[in-house]
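Work through the following exercises with the structure open beside the text. Each task is followed by a solution that goes step by step.

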Amino acid sequence: DDVFKDLPREQRSRLDSGNADLLKPILKYHIADGRLTSSQFRADLLVPTQYSGRNLRINKYSSRIETVNCVLLHRKDQEANNGVVHIIGGLLDPSFAMQRDLAELIVQDGRFQQLSQAMDKEGLMAKLRATNEPLTVLAPSDDAFTNIRPSRLSRILNDKQALKELLENHVLPHVMCIPAIIGEHKVRSYGTNRVAFDCDRKSVKIENNRIHADFTMGSNGVIYLINDVLVPNRAKSLIQLLEEEKMSSFLQLVQYAGLEDAFENFGDYTVFVPSEAAMFSLPTEVLKSLRSNREKARKFVLFHATQGRLKIDKMNNNQVIMSLNEENPLRIQLYRTGVITNVGPRIMAAVEGASLRKVDLEGINGVIHIINKALFPVNNTAGELLQLNGTYKIFLRAMEKVTSENPQLIDFTRPKTFFVPTDEAFKNIGEAQRQRLLSDPTYMAKTVRNHICESMMITESIQTELQYEIPSLLNSLTVLREDENLKVNGATSVESDILTSNGVVHIIDKVLLPDYNINV
C-alpha cells in the first residue's frame, strides 16, 4: 500500500481511472503462470507474464538481494492454495519495460545524442544490438559531456583507444539494479576497468557521483541516466592523472616550471613521479630552491620524464633512455622478487635507484609511474666519487692500479655495483694480508674484481628473509638484507645506494677477500 501512496501522478491516475484497458496490462504484468518460488530465482532470469509477449527480469545477487525488474523483493514465497505471492517494493509498469533493445533506446532518447554518436563511431552500438547477454548502460546525458573541457573531449573522441575505454566504462556485462547496492562494491565494466558503486542513506553513488533512481528497462538490459561522464585513466591527461593520484608537490613544480600545457596537451611522455613522501623527504633547502627557481624546477621535472610510453612490460634491465632535459639519461633496473605468480617471479622495477611503487597509470598522452625517491642527475663516476672522500684511499688506489695495468679487465661502460670497503676495513685484515694485496698484482686484481658486480643492485631489490647468490666479476657473493642494511659475505653496508654515473656504490665494513682457488 505504501508503494501506491508514493506513485507518480500519471501512474496513479491510470490506476484510479477504473478503465479496464489501462488496468489489465498492469495487473497481468504482475502475474506469471505456475508456482515460481525463490529457490528458482537466479541472475537474469526472464519470466513470461500473463501480459502477452512481456517478460519480467529477476535477478539474484551475491548480497542475497533479489529484484524483479530492478524492484526490490520485500517478502517472498507467501504460499497460497492456488499459487505463490511475492511482496515487492514498487509497481511493475509494462509501459516502463520497453520491447526495444538498449541501442535503440539510446538512439531514440533525446538526452543521449553525444553518447549515441560516440558509440556509433566506436562500433559499440552494433555490439549492443548483436549481444544476447543482459547489460547495464550508465548513460551520461548530453549535459554531462559539456562538463568536460572541449579540448579534452575533442582529444578523447579522436583517440580510438581512449574513446573505446571511456565508452566501455559505461557498460556493465550484466544487469545492475540500484536496490542491490548495499555497500561499497566494484563492478567489472565491459572493458578492463572496474566501476565503484557505493551508497548512503540518501542515494546510490557511482564513482562518488549520485546516480538517478529512475531507469529504463529494455529487452536486453537496463539504462540509468547519470550526470557525469565516467572517465577512465586512459582518457585522462597526465595532468589529470597527477591530480587524481594527489601528487600535488610534483604537480606544483610542473605548473611553476611552465610545463602544464606540455603534460596536458602534448605527448606521448613517460613520467616518473616522486610520491608526496618522497618530495617531503628532500632537504628543506632543496625543496625551497625548486619552488623559488623556475629554471631548477624545469630541469627537475624534465629529468623525471622521457619521450614515448614506457610501460613496465617493455622495460629492460640496464636500459638507458634519454630524459626530456636532453642532457642526462635515465637508467632502468629490473629485479626478480621472491613472489611467484602464474607467469613466474614478480618483477620489481627501478629508475636511477628509485623503486617504482605504482606502475602503468596510462593516460591519453602518456604513462605515469610513481617512485619512492626524487631523481637528480649524477655526473661523477664511482672513482671520482671515492676521490672526494679520504676514507676509501686503499680500495681506490687498488682499483686505479688494476685498471691502469689492464684496461680491459673491467668494462666501465656498463653499469656496475661497487662494494667499497673503508680504509679501516683494510686495516682490520692485518698488516701481512694488506701488504700482500698491495704488492701482488694478481691478488690485487682478484680482490678488486670480487668487490664489483655487473648491473646496478639497490637495497630494495634484496628481499628480507631471502638469501641471494650474486656473481661478482670474480666469484659469487652471498647477499642478505637486514632492515635497511645489506650483508655481503659477512660484511655490513654502512652507507648504501650511492648513485654514480657508472653504477651504484655501497660502503661496507669488511674486505671481501678472494678465494685462492678461483683463477683470474
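**Exercise 1: The second largest cavity**

Task: Identify which helices each supply at least two residues of the lining of the second largest cavity, and describe that lining.

Solution. Helix H6 (124-130) and helix H9 (160-168) are the elements that each supply at least two residues of this lining. The model examined here, and in every exercise below, is a predicted one. Between the two helices, H9 gives the most to the lining of the second largest cavity, namely three residues. The full list of lining residues reads Glu122, Gly123, Leu124, Lys127, Lys164, Leu167 and Glu168. Sorted by character, the lining of the second largest cavity has four charged residues, two nonpolar ones and one polar one. The volume of this second largest cavity is about 40 Å³.

**Exercise 2: The largest cavity and the domains**

Task: State how many cavities of 30 Å³ or more are counted, and work out where the largest cavity lies with respect to domain 2 and domain 3.

Solution. The count comes to two cavities of 30 Å³ or more, and the largest cavity holds about 50 Å³ of space. Its lining is made up of Ser151, Arg152, Arg155, Ile156, Ala235, Ser237, Gln240, Glu264, Asn265 and Ile364. Helix H8 (150-157) and helix H12 (260-265) are the elements that give two or more residues to this lining, and H8 gives the most, with four residues. By character, the lining of the largest cavity divides into four polar, three nonpolar and three charged residues. The next step brings in the domain assignment, which gives domain 1 (1-88), domain 2 (102-233), domain 3 (236-371) and domain 4 (382-508). Because domain 2 and domain 3 both give residues to the lining of the largest cavity, this cavity lies between them.

**Exercise 3: Two open sheets**

Task: For the sheet that contains S7 and the sheet that contains S21, give the strand order and explain why one side of each edge strand is left without a neighbour.

Solution. One open sheet has seven strands in the order S7-S6-S12-S11-S10-S9-S8, and its pairing is mixed. Strand S7 (171-172) and strand S8 (185-188) stand at the edges of this sheet, and because each has a single partner strand, one side of each is left without a neighbour in the sheet. The partnership of S8 with strand S9 (residues 194-199) is antiparallel and extends over four bridges; within it, Lys186 has Ala196 of S9 as its bridge partner.

Another open sheet, also formed by seven strands with mixed pairing, follows the order S21-S20-S26-S25-S24-S23-S22. Here strand S21 (452-454) and strand S22 (468-471) take the edge positions, each with a single partner strand, so that one side of each has no neighbour in the sheet. Neighbouring strands of this sheet are turned against each other by 35° on average, direction ignored. S22 and strand S23 (residues 476-482) run antiparallel and are joined by four bridges, with Pro471 standing opposite Ser476 in S23.

**Exercise 4: Annotated segments and their spacing**

Task: List which residues UniProt gives for "domain: FAS1", and describe the segments 99-230 and 379-512.

Solution. In an unreviewed entry, UniProt lists residues 1-92, 99-230, 234-375 and 379-512 under "domain: FAS1". Over residues 99-230 the chain is 34% helix and 28% strand, with the end C-alpha atoms 28 Å apart. Over residues 379-512 the content is 31% helix and 30% strand, and the end C-alpha atoms are 27 Å apart. Turning to the separate domain assignment, the C-alpha centres of domain 2 and domain 4 lie 58 Å apart.

Terms used. Residues are numbered from 1 along each chain as its sequence is written. This is a predicted model: local features need pLDDT of at least 70, side-chain atom pairs count only at pLDDT 80 or more; totals for chains, interfaces and linings use all residues. Side-chain values use heavy atoms; hydrogens and water are left out. Domain bounds come from an automatic or database domain assignment. UniProt positions are given in the numbering used here, feature names are shortened, and annotations may be inferred rather than shown by experiment. Two strands pair if DSSP finds at least two bridges between them. Axes are lines fitted to C-alpha atoms, for helices over the stretch in contact, and angles run from 0 to 180 degrees between N-to-C directions. On a 1 Å grid over the protein atoms alone, a cavity is a set of points where a 1.4 Å probe fits but cannot get out, and a pocket is an open set with protein on both sides within 12 Å along at least five of seven lines; lining residues have an atom within 4 Å of a point. Grid points are joined across faces, edges and corners, and a volume is the space filled by probe spheres set on the points. Ala, Val, Leu, Ile, Met, Phe, Trp, Tyr, Cys and Pro count as nonpolar, Asp, Glu, Lys and Arg as charged, and the others, Gly among them, as polar.
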